[in-house]
Amino acid sequence: MATTPVPPGASFHAVPGRAPRGYRPIGDYAFLGDCHTGALVSSDGSVDWLCLPRLDDGSYFGRLLDRERGGWCTITPADPAVRTSRRYLDGTLVLETEMAVTGGLVRVTDCLTMRPGGAHRPYRQLLRVVDGLEGAVDLRVEVVPRFDYGRVRPWIRRAGHTWQALGGDDGLVIEGDVPLALWGLHDLVAEVRVAAGQRLRLSLRHVRPEILDGSGSRPPGSAELDRRLEQTVAWWRGWSAHGGPLGHDQPALLRSAMVLKALTHATTGAIAAAATTSLPEAPAGPRNWDYRASWVRDSVFALRSLAELGFTAEADGFRRFVARSAAGSAEELQIMYGLAGERRLPEQLLSDLEGYGGARPVRIGNAAAHQHQHDVYGELLDLAWDWHREGHSPDADDWRFLVELVNAAAQRWTFPDRGIWELRGRPRHLVHSKVLCWVALDRGLRLADEVGFPAPVERWTATRAAIRAAVEVHGYDPGRGVFTQAFDRPELDAALLLLPTVGFVAWDDPRMLRTVEEVRRELEVDGLLLRYRGPDGLQGTEGTFVACTFWLAECLARQGRTAQARAAFVTASATANDLGLFAEEFDPATGALLGNYPQALTHLSHIAAAVALEQAS
């Protein structure tokens, strides 16, 4: 094996052919996760997104958001005429990519390593393994770390048999048997020939810089790295085996379930809405948000979908996470938290980054954290009710928290809010939010009756009736016979499709049947649904919202219209990439995936729709 000659002081970007190319489509990326962090790997072997040590920390590789400055790790054939194919190993988030050139074939296996007990002792390690399958292939390996969203070009130094990258409060250990050498001051590169039967390993492991500084590191040997790969495969397959029968769509549903599991922060139980920040909802536009936080609503949806497939252990972890993060008080409840329960999520603009495909600004943090979204009360009471029906009734401390949530819903339902879509314009009296306040009262009353804890039953009963009456008068258009997005307004939104899921109205209620048809008429574009139409206080327009089309499929299936439900389900499912990964939105005109990725809300809605179809057949 030969390493690349390294001219002293050479500029990395001056190497012929090294200038970063244009942005890859979002669907070109595979997702790796270890229940702590996440990575995106392109079909040609480039890791363009990796945040360490947590999913919501600064990026170590961030070419996704800046092609020049973001940093990357690539394993690519020298021959540009390469043919690639890829797949996840069955029952895992371990990725295999085969790369074929004239004269040879190699396989690159990528994973974020897992182990038993990793919730509190994670490896925090990206492992890349290259196996020669046929002939021989010349490969170029590049490790270009850029910490803190590309702001820091780290100090790279040799430490025994490893390389260390340090800068600010970040540290990365680079080890294995790839013969890397410095190129310039901040980058590592190797050129190797891999023959059939040969294996190379590249490990990138987060270690705090104060631990690295002044110390060497005994790298894990080849056998240990191989063992970690096997252990990761076994971990994922062990988790996957806990699910029940998933019907004829089992592989796709299991993929969605694994994405939700990987987005769950194992230490705390928080569930991230997505693995990325600032992937645009409209090309080159300003609708770019950070989704690497835990929304109460989306997380409850995710737990409901996982439970449908037999994965129930995650529910208690998230329930406890919310109670802790809210300090056991409705007054301290937010609609979202950081993955360790952080309450302050200030929205910052990274003006020095060019953004994905030029979409600016790049944001970290999310100003929606302190919005009023009244549906969260109902979601948490519904979770408590479901957990009770599973045999886990609230204790006295839990009940005090739940009573506060019900009382908050009872007090605040008459006020406008931002709602499920986090509208940044003027607050509105949104029907979905009102209905979820009704759910909070309804589930509170049911729990009080079955558990026997004290509650103001008469007041709660009267408030529940008042909410229903208000929705049926002010949130209903008698001329068309449909529910509406907001009180005393004619517009509709796709959130109305969720009203039967919480029992406010029957699936086959004539009002709901008409509402479904009117939502399709107003919001459908090439078989996919928009969230809503009309101004929302933001510039530009967005694509169709894939989760909403899955909601439509679920509604149609529960209404007995299985042929239409299957058609909607197939249309929404077709927006996934070749690995079964969904983004937030989709542009039917171009086939582009839009928004943050992979998106928990889309994957959980995929599961809910598939379960409804299976039960309807």
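How many nonpolar, polar and charged residues does the lining of the second largest cavity have, by class? In this predicted model, the lining of that cavity divides into six nonpolar, four polar and two charged residues. The residues in question are Arg418, Gly419, Ile420, Trp421, Leu423, Leu430, Val431, His432, Ser433, Gln485, Asp493 and Ala495, and the space they line has a volume of about 60 Å³.

The count of cavities of 30 Å³ or more comes to three. The largest cavity has a volume of about 340 Å³ and is lined by 23 residues. Nearest its centre lie Tyr291, Ile420, Trp421, Glu422 and Arg531. Helix H5, which covers residues 296-308, gives the most to this lining, with three residues. By class, the lining of the largest cavity has twelve nonpolar, two polar and nine charged residues. Ile420 and Trp421 are worth a second look here, as they appear among the residues nearest the centre of the largest cavity and also line the second largest one.

Trp421 leads on to the aromatic contacts, of which the structure holds 17 pairs. One of these is stacked and joins Trp399 with Phe453, at 5.7 Å centre to centre and with 25° between the planes. Trp399 belongs to helix H8 (residues 396-412), whereas Phe453 sits in the loop between helix H9 (431-451) and helix H10 (457-474), so the pair ties together parts that are 54 residues apart in sequence. Its two partners differ in burial: Trp399 counts as buried, at 5% relative accessibility, while Phe453 is partly exposed, with a relative accessible area of 24%.

Trp421 itself pairs with Phe545 in an edge-to-face arrangement, with 5.5 Å between the centres and 75° between the planes. Because Trp421 lies in the loop between H8 and H9 and Phe545 in strand E24 (residues 544-545), this contact ties together parts that are 124 residues apart in sequence. Trp421 is buried, at 8% relative accessibility, and Phe545 is buried too, with a relative accessible area of 3%.

Ring pairs also link Trp235, Trp236, Trp239 and Phe311 into a cluster. Two members of that cluster, Trp236 and Trp239, are among the buried residues of helix H3. This helix runs over residues 222-240, 19 residues in all. From its first C-alpha to its last it reaches 27 Å, close to the 27 Å expected at 1.5 Å a residue. Other buried positions in H3 include Leu225, Asp226, Arg228, Leu229, Gln231, Thr232, Val233 and Ser240. For reading such a list, it helps to recall that an α-helix has 3.6 residues a turn, so residues three or four places apart point the same way.

Aromatic rings also meet charged side chains in this model. The charged end of Arg67 sits over the ring of Tyr23, at 5.6 Å from its centre. In a second case, Arg157 lies over the face of Trp155, with 4.8 Å to the ring centre.

A last point concerns Ile271, found in the loop between helix H4 (250-262) and strand E16 (294-295). With a relative accessibility of 3%, Ile271 falls under the 20% cut-off and so counts as buried. Ile271 and Asp298 are 27 residues apart in sequence, and their C-alpha atoms are 8.3 Å apart in space.

Notes: Residues are numbered from 1 along each chain as its sequence is written. This is a predicted model: local features need pLDDT of at least 70, side-chain atom pairs count only at pLDDT 80 or more; totals for chains, interfaces and linings use all residues. Side-chain values use heavy atoms; hydrogens and water are left out. Helices (H or I, at least four residues) and strands (E, at least two) are DSSP runs, numbered from the N terminus. The expected span of a helix is 1.5 Å times one less than its number of residues. Buried means under 20% relative accessible area, exposed over 50%, partly exposed in between (1.4 Å probe, protein chains only). Rings of Phe, Tyr and Trp (its six-membered ring) pair if their centres lie within 6.5 Å; planes under 30 degrees apart count as stacked, over 60 as edge-to-face and the rest as tilted. A charge sits over a ring if NZ of Lys or CZ of Arg is within 6 Å of the ring centre and within 35 degrees of the ring normal. On a 1 Å grid over the protein atoms alone, a cavity is a set of points where a 1.4 Å probe fits but cannot get out, and a pocket is an open set with protein on both sides within 12 Å along at least five of seven lines; lining residues have an atom within 4 Å of a point. Grid points are joined across faces, edges and corners, and a volume is the space filled by probe spheres set on the points. Ala, Val, Leu, Ile, Met, Phe, Trp, Tyr, Cys and Pro count as nonpolar, Asp, Glu, Lys and Arg as charged, and the others, Gly among them, as polar.
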